Amino acid sequence: MGSNSEATATVSETPAAPAAIPPPVQGELITVLSIDGGGIRGLIPATILACLEAKLQELDGPEARIADYFDVIAGTSTGALITSMLAAPDDNRRPLFAAGDLTKFYLENGPKIFPQRKAGFLTPVANLISAVRGPKYDGMFLHDKIKSLTHDVAIADTVTNIIVPAFDVKNLQPIVFSTYEAKNEPLKNAKLSDICISTSAAPTYFPAHFFTTTDDSGKSRESREFHLIDGGVAANNPTMVAMSMISKEVLCGNEDFKQDKETKYKKNFLVISIGTGSAKMAEKYTAPVCAKWGVLRWLYDGGFTPLIDIFSHASADMVDFHASILFQSLKRKTQYLRIQDDSLTGHTSSVDISTKENMEALIGIGKQLLQKTVARVNIDTGVHEAVDGEGTNEEALARLAEKLSAERKLRHSNLNSSS
């Protein structure tokens, strides 16, 4: 961030910086944090992450940061912006932002990223015309803000591994940017700014993003083009993308995940997946109403974008189904925590209403979500239902914070004993 009045990262002049987390080969778990896309609703996971980091700081001191505990942080769209702020390095190779600074970033920059039209009786008509003519926002402020945050930092340089999906409109295929791959494939080692701009380029809201990468390793002068839009088209909830990319690294023999043949120990995942909320329980759309819609109404209806909403929520829910069933089948259901609110209504269900009132309401939803009982998805109804005996989401985060702290200490102990 700049040195002006914008929200800045908390940086100590003489930081007692914790050492980087050793790789999973030194421990017993593979730890993953996943953050959904959702525009201004990123305030919900930002609030929850501040709580998680506070729990970790209670255990390990005020310099503890989210990135010190996770092997991978995965994010889509606004989740990728949060991911980058948590994992981009400052001048001391520490995370650029503390989780507690994320809400301040949204409060200060949200109204400039999503400038609101002045309400009037012609506003709905103006919005419809705007939706037909081009993207709702030009994205210039967002692009400049991301570039000022990350400068020329590439994905291979993050303080922990990150994974970010996007979608290539030229080749009609998902593109997954990964710190793991970027360290070995120069053409995938894109700048964080290009990656964040791309995965945030939601159709109808922001323009698609084009950039190129070049192999400067000296072996060749190859280049690669990227023609990208919002990662939510492929994976609005990037949890399974992260787990699949990690599994790929295991299969490819990455030394970070090398198994101990003598003990035949098989690493278990610990996953925290944070959503940005949905209006599922509000039952906003019905078949009789949708049956009458043409192209324009599917793209714009009362300030919302039904087609985009449906695609992104369907994608996120399918991932939650798969992950929940996987962890239950492995008898590890308490090592997968999905925090999501299905009951958003009105303005809070929008991805771009950035009024002070709505942003404060989203922070309030995040705080309320922490006090709600742990819930898991019902695979028949798709609704998250309370789970008996596991307490609130905040209590679950506290338990997982203890596991994360213990895992980190175990890895350092094993690393020191083997060196």
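**Chatting about strand β1, the cores and a helix pair**

Me: In this predicted model, which residues does L33 touch, not counting residues up to four places away in sequence?
Reply: Let's leave out the residues up to four places away in sequence, as you say. What remains for L33 in the predicted model is this list: L49, I66, F70, V72, I73, A74, L86, I272 and I274.

Me: Which residues of the largest nonpolar core touch the most other members?
Reply: This core has 76 residues, and helix α1 (residues 43–60) gives the largest share, 8 residues. The ones touching the most other members are L33, L49, I66, F177 and I272.

Me: How many residues does the second, separate core have?
Reply: Its members include A74, M243, F257 and Y336. The count for this second core is 19 residues.

Me: Is strand β1 largely enclosed or open, and how many of its residues are buried?
Reply: Take the faces one at a time. On one side of β1 sit L29, T31, L33 and I35, and on the other I30, V32 and S34, and they are all buried. Buried means under 20% relative accessible area. So β1 is largely enclosed by the rest of the structure, with the buried count at 7 of the 7 residues.

Me: Which residue in β7 stands opposite I30?
Reply: Strand β1 runs parallel to β7 (residues 268–274), and 7 bridges join them. Opposite I30 in β7 you'll find F269.

Me: And what is the bridge partner of L33 in β2?
Reply: β1 and β2 (residues 72–75) run parallel too, joined by 4 bridges. In β2, L33 is partnered with I73.

Me: Are helices α9 and α12 parallel or oblique?
Reply: Helix α9 (residues 239–251) packs on α12 (residues 306–329) with the axes 8 Å apart and an angle of about 55°. Angles under 35 degrees would count as roughly parallel, and 65 to 115 as roughly perpendicular. That angle fits neither range, so α9 is, relative to α12, oblique.

Me: How many nonpolar residues are in the contact of α9 with α12?
Reply: From α9 come T239, M240 and M243, and from α12 come V319, H322, A323, L326 and F327. None of the contact residues is charged and 2 are polar. The nonpolar ones number 6.

Me: Is H151 buried or exposed?
Reply: H151 is in the loop between α5 (140–150) and β3 (161–168). It has a positive phi of about 50° although it isn't a glycine. Exposed means over 50% relative accessible area. H151 has 54%, so it counts as exposed.

Definitions and conventions
Residues numbered from 1 in each chain as written. Predicted model: local features only at pLDDT ≥ 70, side-chain atom pairs only at ≥ 80, totals over all residues. Heavy atoms only, no water. Axes fitted to C-alpha atoms, helices over the stretch in contact; angles between N-to-C directions. Helix = DSSP H or I, 4+ residues; strand = E, 2+ residues; numbered from the N terminus. Parallel < 35°, antiparallel > 145°, perpendicular 65-115°, else oblique. Contact = heavy atoms within 4.5 Å. Nonpolar A, V, L, I, M, F, W, Y, C, P; charged D, E, K, R; others polar. Buried < 20%, exposed > 50% of the residue type's maximum accessible area, 1.4 Å probe, protein only. Core = buried A, V, L, I, M, F, W, Y, C linked by side-chain atoms within 4.5 Å. Pairing = 2+ DSSP bridges.
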